[in-house]
Amino acid sequence: MSSDQQVLAALAMKTGQAMRFFDLVTIVCGHEKGKRCFVCLGKHALFFMRQDLNGKIHKGGELVYAYVLKAVQDTATQKHLLLLLSENKPPEWKSERLFIQSDSRDLLLQHLRCNWQTDRMWRLGRVEPFPIFVHQITRPPDAKDTIQFEHPEVVPFRGFTWRQYQRYKFMVPNSFKEQPNAVQHEQTGEYADSHGSTLVVHVHEQLTLDQLKLLKRDHIRWVAQEYKANLVGDESHFYVLRNAQYQKRMNLAGDAAAWWTWELIIRTRSCTLICLLLRRQYIPPVCNCAQDLAVILRCPSDESGPKNFDASHRLARLVADSLSPDCNVSIYRDIVQVKLDALRYDEEAVDWIGSHLKLTPAWRKQAKIFVRSIIKIYVEDGAMREHHNILELPASEALHNALPGEDEWSELGERDQDLDKFIKELRDGGEGLPQDDDLSYEPGVEFRRALEDEQRVRNAWTQRMARFLAGAVDGGLLGPRWTLDTMLDGLGQLTEKSSKTATMALNFLLHMRPGDMTKPYVDMNVPQILRDPQLGQWTFDDRVMYSMLSTDFLRKMFGRSRDKEYFMCLANLLGSDTAVNLKAYICRIFMEMRADAQKPATVSPEEEASVLVVHPLVSLMRTGGNFLATYASAALVNLSNGHAPVKMALMATGVSRDLVRQLKTKDDDLICYTLMLAANLTKEPHNRSIIAGEGLVPVIYDLLTSSYHQCRVAPKSDIASTDDNQQKVSSVSVSSPLKEKILAYAAVVIGQMCNDEAVRLQLTEMYPYTCKCLLYIYEACMPGGQLACKVLFALKQLCANTSDLKRIVGEQVLSKLVRELESKDVDKSGDFLMQAVLLMSMLTKIKANSDKLSSMGAEDVLEKLRKLPSAGDLDRFPQRLAELLEQISRHTKFETLAF
C-alpha cells in the first residue's frame with residue numbers, strides 16, 4: 001500500500017501507463033493456489049505485477065476496469081475482498097471471481113473506486129458509482145483453530161471504548177458521544193460529554209519526507225506552532241502552561257513506524273486546551289512518508305481553572321497514547337532496499353532503517369573506503385588528535401552501528417592518493433544512470449530535451465551521493481570519533497598536498513552547485529560563491545554548512561580582518577533557501593559576536609560590518625515565521641544595542657510596522673524580543689515619533705492590561721503590603737519568568753516613550769489604566785527584582801509634569817519602597833537603588849510625598865544606602881542621593897518655618 005512517486009514512476013515504465021497506487025496482495029482465482037503479487041492501479045486498468053516488478057504475472061495481468069463488475073467486501077475479516085469479473089475478461093483468469101487479500105483493503109477499495117468511476121466517465125461520458133457490496137466471503141476466525149487469521153484485538157480500559165476515524169483507532173471514555181457536523185453524522189472525529197468537554201481528533205494527509213522539508217514542516221515543532229497560533233488566535237487572555245515534547249507511551253497495534261509527539265497546554269478565561277500533536281513517521285510499507293495527527297481536548301473552566309485538570313490531562317494523554325493504525329501493513333523490504341541503493345532517503349531515515357530494519361545502502365562499503373581515505377590523510381600528517389588506531393580496529397569496535405555479521409573495516413583499502421578519481425567512480429557508478437549512447441533522437445528539440453533529462457538524472461544522483469557521504473563522515477559510520485567537526489578542526493594541520501585533497505573532498509560533501517540541475521557540479525571557490533548576492537540560486541548541504549559555521553571554519557577562510565566579507569556571506573545565507581536550523585544558528589552567531597564586540601570602546605570592524613545583515617534579518621522577521629522571527633529579533637537586539645548605524649539601518653527598512661505586527665502575535669518569545677528591540681530603538685527621539693505613528697502605544701497598552709497580573713507574586717513578609725483588600729489574581733493567569741520579562745520590557749518601552757510629552761499625555765489621559773497596572777505590578781512583584789526596577793522607571797516617567805499622578809503614585813509606592821530599601825532580605829542591586837532614588841526625586845517635587853517620607857524616617861534609610869557596595873559602582877548616585885535628601889529637608893524645613 002503506497003503512493004511512492006519513485007516506485008510509481010518505475011511501474012509506469014514497466015506498464016506503459018501512469019500509476020496512481022500499488023499494493024502487495026495475495027490473489028486467488030478459481031482453483032489456483034494463492035499467488036503473491038503487486039496490484040497496481042493505473043488510469044484505465046489494474047496491473048498485476050510479479051513481486052520483483054520485472055513484469056506481469058501472466059499475459060492477462062492487465063485487467064481493464066471495464067472487466068470489473070463489482071466488489072464485495074468481507075465482513076468476517078478486514079483483509080479480504082472479491083472482485084467479480086465480466087465474461088469477456090482475459091482467458092488467463094480461470095474464474096470470474098477474483099479473491100484478493102490485502103493488509104490495507106479499505107485504502108485499496110478507496111483508490112479502486114476513484115479510478116473505476118473516473119475511467120467510467122471517460123469511456124461512457126456519464127457518472128456511475130462503483131458497486132461495492134458487503135457480505136461474508138470467508139470463514140470467521142475461530143478461537144479453537146490452530147491458525148488465526150487475525151491477531152487478537154486489544155481490549156480497551158474499563159469505561160473506555162475503541163473509536164475509529166480515518167484509518168486510526170483510539171480509546172475514548174464511554175461518556176463521550178460522537179457529535180455530527182455540517183457534513184456527516186458519523187466518522188466526524190468530534191466527541192463531547194455532558195459536562196461540556198469536547199474531544200477532537202484531526203488526521204492530516206500523508207506527505208513524503210521531501211514534501212515536509214519543502215513545506216518547512218520537517219519537525220513536529222513547526223506544526224505545533226501553527227496549531228498554537230490557530231488555537232489562541234481569537235483569545236485576548238491566555239497562558240501557555242506547556243509547550244514541549246512528549247513521549248508516546250503505547251504501541252497497541254505493533255506499529256513499525258516511529259512516533260513523535262508535542263504537547264501544548266493553553267489556559268484561557270473560559271477553557272483549558274490540551275493539544276497533543278503526533279507525527280507518525282517512516283510509515284510502512286515504503287517508510288518514506290509521515291502523517292500528522294492532533295488530539296485536542298477542550299475543558300470548560302472558570303477563573304479558578306478547570307474543576308479536575310489532572311484527570312483531563314490524563315485523559316488527553318491516554319487518547320494520544322492509544323492512537324494506532326487500525327491495520328498493520330507489512331514493510332516492502334525489497335522496495336525499501338532499492339530506494340536505499342538509489343539513496344532516496346535522507347540521513348535520519350537511513351539511520352532509522354538501519355537500526356530497525358537492519359537494511360543499509362549498497363554503497364556502505366564505498367562510504368567506508370571514503371571515510372578511511374580521509375582519516376588516513378589525517379593520521380599520516382599527525383592531525384588526528386585522538387583515536388589514532390581507529391583504522392586498525394575490527395568493525396565491531398570501530399563502527400558505532402555495525403550490523404550483525406558486518407566485518408569489513410580494517411581490511412578495506414584506502415584511496416587517499418586518488419580520492420578525486422574515487423569520487424568520480426562513485427558519481428558514474430549508479431545503477432540505471434543514462435549513458436551517452438542511450439540517446440536515439442536526431443539532433444533537434446527532442447534531442448536537447450532528452451539530453452537535459454539525462455543531465456538532471458545524473459546530477460541529482462551525484463547530489464544524493466554527496467549527501468550520503470556527508471552523513472557517513474559526520475558520525476554515520478564512526479559515531480562521535482569522526483565527524484565533520486573533527487575533519488574541519490584538523491584541516492589546518494595538514495600538509496599542503498593533503499590539505500588540497502581534503503578540501504576537495506570537503507567541497508564535494510558541501511556540494512555547492514547551481515539550482516538548475518542541468519548544470520553539472522564543479523569544484524569552485526566556496527567563499528566566492530557565498531559572496532554572490534544571487535546565492536539563492538545555488539544549493540548545498542545544510543549539514544556541512546552548519547559544521548563549517550559552528551567550527552568557525554568559514555570565518556577562518558576569510559580572516560579576522562575581513563569581517564565585512566564574512567558578514568556579507570552570512571547575510572546571503574539568510575536570504576537563501578536553507579534549513580530553519582541553519583538560519584537560526586546564523587542568528588545566534590550575530591548575537592554572540594555582538595556580545596564580544598561590546599568590550600572595546602571604539603567602533604570595531606564587526607560593528608561596522610553588522611550593518612550589512614540588518615536587511616536580511618528584517619526580511620527573516622517578515623517571512624520566516626514566528627520561530628525565525630524570534631531569532632532574528634534577538635539578533636537585532638544585540639546588534640542595535642549602543643550601535644547607532646544599525647538603528648538607522650533598521651528604521652530605514654520600516655521595521656516600525658514589523659514591531660507592531662509582532663507585538664500582536666500570541667507568541668511570548670517573539671513578543672519578548674520584539675519589546676527588547678523596541679526598547680533599543682525608542683532611546684532615540686526621532687525613532688520614538690516614527691514608532692508611535694505606527695500605532696505602538698495602543699498595542700503596548702493592550703499588552704499591559706491583558707498580562708499585568710501574570711507576574712510572580714512576592715511571598716508574604718513584613719515587606720509586603722498589609723492591605724487586606726488587595727484584589728486576588730485569577731489562577732487562569734499563572735506567572736512565569738518569561739511573562740515577567742515581557743512586563744519588564746513593556747515598562748521600559750512605556751517609560752522611554754513618555755519622554756515625548758504627547759505620548760505621555762496619551763498614556764495618562766486616553767489610557768488611564770496604564771498607571772494602575774504598573775502600580776499593581778509593583779505591589780505584587782518580587783522586591784528589588786528586575787521587574788520592580790523597570791516599573792519604577794516607567795512610573796517615574798509617567799507621572800512627570802502631573803501632580804495628581806505624583807500624589808497617587810506616592811501614596812501607593814513610597815511606603816513599600818522605603819521598607820524594601822530598609823530590609824536586609826531584599827537584594828539591592830545598583831539598578832534598583834538608582835531607580836528608587838530617581839522615582840523618589842520625582843515624587844518629592846510635591847510636598848505631600850516629602851512629608852510622607854520624612855514621617856517614615858526615610859532620611860536615615862537613604863543615608864545608609866551610601867555604604868552599600870552596589871552604590872559605589874553607580875555613576876552620579878551620591879550626587880542624586882544628596883539632591884533627594886536636600887529636597888526632602890527643604891520641604892520639611894519650610895513646613896517648620898511656616899509653623
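A residue counts as buried under 20% relative accessible area, as exposed over 50%, and as partly exposed in between. The exercises below apply this to a predicted model.

**Exercise 1.** Decide whether glutamine 166 is buried, partly exposed or exposed, and describe its backbone and its place in the chain.

*Solution.* Begin with the accessibility: glutamine 166 has a relative accessibility of 39%, and because this value falls between the limits of 20% and 50%, the residue counts as partly exposed. Next, locate glutamine 166, which is found in the loop between β9 (160–165) and β10 (168–173). Finally, look at the backbone, where glutamine 166 has a positive phi of about 50° although it is not a glycine. Arginine 167 can be treated in the same steps: its place is in the loop between β9 and β10, its phi is positive at about 65° although it is not a glycine either, and with a relative accessible area of 35% it is partly exposed.

**Exercise 2.** Work out which class arginine 317 belongs to, and name the residues it touches away from its sequence neighbours.

*Solution.* Arginine 317 is found in helix α5, which covers residues 309–322. Its relative accessible area is 19%, and since the limit for buried is under 20%, arginine 317 is buried. Leaving aside neighbours within four places in sequence, the contacts of arginine 317 are with Arg242, Tyr246, Arg249, Glu263 and Leu276.

**Exercise 3.** Describe how strand β1 is covered and which strands it pairs with.

*Solution.* Start with the cover: β1 spans residues 19–29, and 9 of its 11 residues are buried. Then take the pairing with β2 (residues 35–42), which runs antiparallel to β1 and is joined to it by 8 bridges; in this pairing aspartate 23 has valine 39 of β2 as its bridge partner. The two strands form a hairpin with 5 residues between them, and in the turn glycine 30 has a positive phi of about 70°. Last comes β7 (residues 97–102), which pairs with β1 in the antiparallel sense over 5 bridges, and here isoleucine 27 has isoleucine 100 of β7 as its bridge partner.

**Exercise 4.** Find which residues of helix α22 are buried and which helices they pack against.

*Solution.* In α22, residues 644–652, the buried residues named are Val646, Lys647, Ala649, Leu650 and Met651. An α-helix has 3.6 residues a turn, so residues three or four places apart point the same way. The buried residues of α22 pack against α20 (614–623), α21 (625–640), α23 (655–663), α24 (668–681) and α25 (685–693). Just after the helix, glycine 654 takes a positive phi of about 75°.

**Exercise 5.** Describe the second largest pocket by its volume, its lining and the helices that contribute to that lining.

*Solution.* The space in the second largest pocket is about 1400 Å³. Its lining consists of 35 residues, and those nearest the centre are Gln6, Ala10, Val338, Ala342 and Glu431. By kind, the lining residues divide into 20 nonpolar, 6 polar and 9 charged. At least two lining residues come from each of α1 (5–15), α6 (333–341) and α11 (445–476), and α1 gives the most, with 7 residues.

**Exercise 6.** Set these parts within the whole chain by stating how many helices and strands it has and what share of its residues is buried.

*Solution.* The chain has 36 helices and 21 strands, and 52% of its 899 residues count as buried. Along its principal axes, the C-alpha trace spans about 125 × 75 × 55 Å.

Methods:
Residues numbered from 1 in each chain as written. Predicted model: local features only at pLDDT ≥ 70, side-chain atom pairs only at ≥ 80, totals over all residues. Heavy atoms only, no water. Buried < 20%, exposed > 50% of the residue type's maximum accessible area, 1.4 Å probe, protein only. Helix = DSSP H or I, 4+ residues; strand = E, 2+ residues; numbered from the N terminus. Pairing = 2+ DSSP bridges. 1 Å grid on protein atoms, 1.4 Å probe; cavity = no way out; pocket = protein on both sides within 12 Å on 5 of 7 lines; lining within 4 Å. Points joined across faces, edges and corners; volume = space filled by probe spheres on them. Nonpolar A, V, L, I, M, F, W, Y, C, P; charged D, E, K, R; others polar. Contact = heavy atoms within 4.5 Å.
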